[in-house]
Amino acid sequence: MGRERAAVSLALGALAPHLPRYQRSVAYYAQLLEEA
């Protein structure tokens with residue numbers, strides 16, 4: 001399960017700058033996934 005979380009975290013981190021309305025939320029969620 002660790003590799004899947006890392007992949008989703010990486011994808012969300014890369015996508016966050018392109019989502020102006022949700023940028024902070026998506027970046028924060030990506031960070032939480034990385035830590036878990």
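Gln 23 is placed in helix 2. The model described here is predicted. Gln 23 is partly exposed, and its relative accessible area is 36%. Beyond residues up to four places away in sequence, Gln 23 touches Ala 16 and Pro 17. Gly 13 is ten residues from Gln 23 along the chain. The C-alpha atoms of this pair are separated by 9.3 Å.

The overall architecture comes next. The protein chain has two helices and zero strands. Helix 1 covers residues 2-15, and helix 2 covers residues 23-35. The C-alpha trace spans about 30 × 15 × 10 Å along its principal axes. The chain holds 36 residues, and buried residues make up 17% of them. About 3,200 Å² of the protein chain is exposed. Carbon and sulfur atoms supply 60% of that area.

A UniProt annotation, from an unreviewed entry, applies to residues 2-33. The record reads "domain: Tetratrico peptide repeat group". In the model, the span of residues 2-33 is 78% helix and 0% strand. The end C-alpha atoms of this span lie 10 Å apart.

The interior was examined through its nonpolar core. The largest nonpolar core has five residues in all: Leu 12, Ala 16, Val 26, Ala 30 and Leu 33. Helix 2 gives the most to this core, with three residues. One core member, Ala 30, is in contact with Ser 9, Leu 12 and Gly 13, leaving aside neighbours within four places in sequence. Leu 12 is thus both a core member and a contact of Ala 30.

Ser 9 presents the other side of one of these contacts. Ser 9 is in helix 1. Its relative accessible area is 4%. Ser 9 therefore counts as buried, because that value falls under the 20% cut-off. Residues up to four places away in sequence aside, Ser 9 touches Ala 30, Leu 33 and Glu 34. Two of these partners, Ala 30 and Leu 33, belong to the largest nonpolar core.

Glu 34, the remaining partner of Ser 9, lies in helix 2. Glu 34 has a relative accessible area of 63%. This residue is exposed because its value is over 50%. A buried residue, Ser 9, thus touches Glu 34, which is exposed. Glu 34 and Gly 13 are 21 residues apart along the chain. Their C-alpha atoms are separated by 10.0 Å.

The surface also carries nonpolar side chains. Tyr 28, Tyr 29 and Leu 32 make a nonpolar surface patch of about 330 Å². Leu 32 is in helix 2. The relative accessible area of Leu 32 is 38%. Leu 32 is partly exposed because this value lies between 20% and 50%.

The loop was considered last. Arg 21 lies in the loop between helix 1 and helix 2. Its relative accessibility is 72%. Arg 21 therefore counts as exposed, with a value over 50%. Arg 21 and Gly 2 are 19 residues apart in sequence. From C-alpha to C-alpha, the two residues are 28 Å apart in space.

Notes. Residues numbered from 1 in each chain as written. Predicted model: local features only at pLDDT ≥ 70, side-chain atom pairs only at ≥ 80, totals over all residues. Heavy atoms only, no water. Helix = DSSP H or I, 4+ residues; strand = E, 2+ residues; numbered from the N terminus. Buried < 20%, exposed > 50% of the residue type's maximum accessible area, 1.4 Å probe, protein only. Contact = heavy atoms within 4.5 Å. Patch = residues over 30% accessible without salt bridge, like charges linked within 9 Å, V, L, I, M, F, W, Y side chains within 5 Å. Areas by Shrake-Rupley, 256 points an atom, 1.4 Å probe, with all protein chains shown as cover. Salt bridge = Lys/Arg side-chain N within 4 Å of Asp/Glu carboxyl O. UniProt positions renumbered as here; feature names shortened; annotations may be inferred. Core = buried A, V, L, I, M, F, W, Y, C linked by side-chain atoms within 4.5 Å.
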